[in-house]
Amino acid sequence: MSDPSPARAAAPVLDVWCDLQCPDCRDALDDLRALRARYGDRLELRLRHFPLEKNKHSFAAAQAAEEALEQGSGWEYVEAVLGRVEELGRKGEAFLVEVARELGLDAEEFDTALIDGRHILIVDADQAEGKAIGVSGTPTYVIGGERLDGGKSQDGLRARIEEITDRLLAGQE
């Protein structure tokens with residue numbers, strides 16, 4: 001049986017290359033929240049991991065974010081960790097498990113996931129793809145084939161993302 005209604009075009013995708021211990025990524029949260037509020041499911045926001053070497057706990061945080069996603073609370077977890085980057089810097093992996101517990105996630109499974117490295121390949125693949133397309137800092141956004149670097153300044157980036165998103169959505173009509 002086939003559905004007679006026309007197929008709905010896929011939502012434009014905004015890839016957000018992020019380091020979960022990065023203060024600039026924390027500052028970008030307001031823009032991401034505003035974009036989600038404005039577009040809802042008409043824009044797909046995808047967190048892509050780009051842990052920077054200078055941030056000692058960012059690789060573990062990326063793995064923890066993947067575990068949170070697996071447990072059904074990906075963005076909620078990411079926002080909680082990014083909102084407290086200084087605490088992550090001080091407490092390290094124990095903080096990642098603590099946040100999971102605060103959000104009602106299976107903290108023991110988080111601890112196990114960080115030990116057994118079950119999400120390392122996802123983080124490595126994101127980082128490799130980011131390097132391949134020229135990501136060098138965070139946050140970096142990619143939408144409609146255009147890369148926007150937010151690491152130097154967030155000024156004007158949300159407006160530029162909205163402009164590209166509106167253009168992509170108009171092209172679907």
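Here is a chat about a few features of this predicted model.

Biologist: Let's start with helix α1. Where does α1 run, and how many residues does it have?
Modeller: Helix α1 covers residues 23–39, so to speak its full run, and has 17 residues. From its first C-alpha to its last it reaches 25 Å, close to the 24 Å expected.

Biologist: Where does α1 bend?
Modeller: At Leu 29, by about 30°.

Biologist: Which residues of α1 are buried?
Modeller: Cys 25, Ala 28, Leu 29, Asp 31, Leu 32, Leu 35 and Tyr 39. Leu 29, where the helix bends, is thus on the buried list too.

Biologist: Is there a general rule about spacing that helps when reading a list like that?
Modeller: An α-helix has 3.6 residues a turn, so residues three or four places apart point the same way.

Biologist: What do those buried residues of α1 pack against?
Modeller: Two helices and three strands are named here: α3 (74–82) and α8 (157–170), plus β1 (13–18), β2 (44–49) and β3 (140–143).

Biologist: An aspartate caught my eye in there. Why does Asp 31 count as buried?
Modeller: Because its relative accessible area is 15%, and the cut-off for buried is under 20%. Asp 31 sits in helix α1.

Biologist: How far is Asp 31 from Leu 157 in sequence and in space?
Modeller: They are 126 residues apart in sequence and 8.5 Å apart in space, C-alpha to C-alpha.

Biologist: And what follows α1?
Modeller: Gly 40, and its phi is positive, near 55°.

Biologist: Back to the strands. How do β1 and β2 run, parallel or antiparallel?
Modeller: Parallel, with six bridges joining them. Together with α1 they make a right-handed β-α-β unit.

Biologist: Which residue of β2 is the bridge partner of Cys 18?
Modeller: That's His 49.

Biologist: Speaking of cysteines, how many disulfides does the structure hold?
Modeller: Zero. Cys 18 is in no disulfide, and the nearest cysteine sulfur, that of Cys 25, is 3.6 Å away.

Biologist: What about Cys 22, why no bond there?
Modeller: Because its sulfur is 3.6 Å from the closest cysteine sulfur, in Cys 25, and that is too far for a bond. A disulfide here needs the two sulfur atoms within 2.5 Å.

Biologist: Are Cys 18 and Cys 22 buried or exposed?
Modeller: Cys 18 is buried, with a relative accessible area of 6%. Cys 22 is buried as well, at 5% relative accessibility.

Biologist: New topic: where is Asp 126 found?
Modeller: In helix α7, which spans residues 120–132. Asp 126 counts as buried, at 8% relative accessibility.

Biologist: What does Asp 126 touch?
Modeller: Leaving out residues up to four places away in sequence, Asp 126 touches Trp 17, Leu 47, Arg 48 and His 49. His 49 is the one that partners Cys 18.

Biologist: After α7, which peptide bond is cis?
Modeller: The one from Thr 138 to Pro 139, with omega near -5°. Pro 139 is in the loop between α7 and β3.

Biologist: Last one, helix α5. Which residues are buried there, and what covers them?
Modeller: In α5 (residues 93–102), the buried ones are Phe 95, Leu 96, Val 97, Val 99 and Ala 100. Their cover includes α2 (58–70), α3, α4 (85–91) and α6 (107–116).

Biologist: What follows α5?
Modeller: A glycine, Gly 104, whose phi is positive, near 75°.

Key:
Residues numbered from 1 in each chain as written. Predicted model: local features only at pLDDT ≥ 70, side-chain atom pairs only at ≥ 80, totals over all residues. Heavy atoms only, no water. Helix = DSSP H or I, 4+ residues; strand = E, 2+ residues; numbered from the N terminus. Expected span 1.5 Å × (residues − 1). Bend = angle between axes of the 7 residues up to and from the residue. Buried < 20%, exposed > 50% of the residue type's maximum accessible area, 1.4 Å probe, protein only. Contact = heavy atoms within 4.5 Å. Pairing = 2+ DSSP bridges. Right-handed = clockwise from strand over helix to strand, strands pointing away.
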